[in-house]
Protein chains: 2
Amino acid sequence: METEKITYIEESGLLFEKLGLTRMAGRVFGYLIVSEEDQASFDQIRKVLQASKGSISGTMKQLLNAGMVEAVSLPGDRKTYYRPSKMKISDILKHRMRQFDDFARILSRGEELKSKKDDVSEWLIEASTFYLWIGEQLDEIIDKWESEKTKIIEEYRQNHEERIES
Amino acid sequence: METEKITYIEESGLLFEKLGLTRMAGRVFGYLIVSEEDQASFDQIRKVLQASKGSISGTMKQLLNAGMVEAVSLPGDRKTYYRPSKMKISDILKHRMRQFDDFARILSRGEELKSKKDDVSEWLIEASTFYLWIGEQLDEIIDKWESEKTKIIEEYRQNHEERIES
DNA sequence: CATAAAGTTCAAAATAAAATGAACTAAAAA
DNA sequence: TTTTTAGTTCATTTTATTTTGAACTTTATG
């Protein structure tokens, strides 16, 4: 495998770690992305990433659970193959936004626990309202994306090409 | 301190951990929120949370760095006091959105590294465009929030009161 | 049915992250 | 200037997370 791709796989690992997932999950996802084959077998992944079966087994479970990869099985072949799932990208965002809901909730509960109303209380109300509101707005935006994405992607593609040509 | 508040502080710790920060940072933030005093001293925080000076020192640095708390000093008093910062709540969101930029970037770079263009490539283009686009949309929404927040908060407040009365 | 390949499980080992505590620095007060 | 208080630093310890590897389960195939 090309050095560039190996570097890429490691960077993906580091990013996943930053996002609160595991490094190995990032490596597997990165590998599935840059691999030229449609899918990779368990053992192929294990060999490329030089990890143990146990580690790959646990990682695949994580990724399947997060909906980031899909398992593929073929008739007449007892192996399991994996590929990046073509999940709705907006679902990842929606999922991540739940973190904001949690944050909003804790701010709002904090406000309720205070007996004295001061400017921190004001701030807490403002902040928790913001997250409630932004959640609603985002739902609308995501609907817009789903209905107009072909057009939007085309616009971005043209912009990108212009930049390359110039 | 009331049991409820102690529970709250611990829950805040757990949430911060889930968000990728430290448990202690969450506890300190939670405490500063529910404390009835305008600000808390270093040693007061240390005592309430039963932690070492070293731990509090490092945690306060983290929180100051993340812009979540502010330090206050008073003339004729060598202590440093801390309070939750009244930062623009939308800035926290903006900051968190950088994670999505990173994610978009790695998807897009993965697409560039593939020599074969297949449906994973298509998906990568779609996904990375989505994050670019959503970032722009969010900036607009945040502007809207900043200019209309008083009105929006008032609307939410009324809704909340209605729910309580009924 | 017996064999072998493909994965899973889980206890133990390795690694990483966070907290402690003691020695240190800075700055106000006596 | 000396003392005291407030906080920082950092090596060590504690705790939590990840990985390994060997024994086990499952499923296909001769």
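In this predicted model, chain B holds an open sheet of 3 strands, arranged in the order S1-S3-S2 with antiparallel pairing. Strand S1 (40–41) and strand S2 (69–73) of chain B are the edge strands; each has a single partner strand, so one side of each is left without a neighbour in the sheet. Strands of a sheet pair through backbone hydrogen bonds, in either a parallel or an antiparallel manner. In chain B, S1(B) is joined by 2 bridges to strand S3 (residues 80–84), and the two run antiparallel. Within S3(B), B:Tyr81 is the residue that stands opposite B:Ser41. Helix H2 (residues 23–34) of chain B lies across S1, S2 and S3 of that chain, and runs at about 85° to S3(B).

The next feature is a loop that can be found in both chain A and chain B. In chain A, the loop between helix H3 (42–49) and helix H4 (53–65) contains A:Gln50. This residue has a positive phi of about 50° although it is not a glycine. Most residues other than glycine have a negative phi. A:Gln50 counts as exposed because its relative accessibility is 74%, and the cut-off for that class is over 50%. In chain B, B:Gln50 lies in the loop between helix H3 (42–49) and helix H4 (53–65). B:Gln50 also has a positive phi, of about 50°, without being a glycine. With 75% relative accessibility, B:Gln50 counts as exposed.

From the loops we turn to the DNA, beginning with strand C. There are 15 residues around DNA strand C, and those that come nearest are A:Lys53, A:Ser57, A:Lys61, A:Thr80 and B:Ser52. Of the strand C atoms within 4 Å of the protein, 62% belong to sugar or phosphate, and the rest to bases. Two of the contacts involve phosphate oxygens of strand C: one lies 2.9 Å from a polar side-chain atom of A:Ser57, and one is 2.9 Å from a polar backbone atom of B:Ser52. In the side chain of B:Arg78, an N or O atom is 3.3 Å from a sugar or linking oxygen of DNA strand C. The elements that give two or more residues to the surface near this strand are H4 of chain A and H4 of chain B. H4(A) gives the most, with 4 residues. By type, the residues of the surface near DNA strand C are 3 nonpolar, 7 polar and 5 charged.

DNA strand D has 16 residues around it, of which B:Lys53, B:Ser57, B:Lys61, B:Lys79 and B:Thr80 come nearest. Sugar and phosphate make up 65% of the atoms of strand D that come within 4 Å of the protein. Bases of strand D take part in contacts as well: a base nitrogen lies 2.5 Å from a polar side-chain atom of B:Lys53, and a base oxygen is 3.1 Å from an N or O atom in the side chain of B:Arg78. The side chain of B:Lys61 has an N or O atom 2.4 Å from a phosphate oxygen of DNA strand D. H4 of chain A and H4 of chain B each supply at least two residues of the surface near strand D, and H4(B) gives the most, with 4 residues. The residues of this surface divide into 3 nonpolar, 8 polar and 5 charged.

Terms used:
Residues numbered from 1 in each chain as written. Chains lettered and ligands numbered in written order. Predicted model: local features only at pLDDT ≥ 70, side-chain atom pairs only at ≥ 80, totals over all residues. Heavy atoms only, no water. Buried < 20%, exposed > 50% of the residue type's maximum accessible area, 1.4 Å probe, protein only. Near = heavy atom within 4 Å. Polar contact = N/O pair within 3.5 Å; in protein donor to acceptor, adjacent residues only side chain to side chain. Nonpolar A, V, L, I, M, F, W, Y, C, P; charged D, E, K, R; others polar. Pairing = 2+ DSSP bridges. Contact = heavy atoms within 4.5 Å. Axes fitted to C-alpha atoms, helices over the stretch in contact; angles between N-to-C directions.
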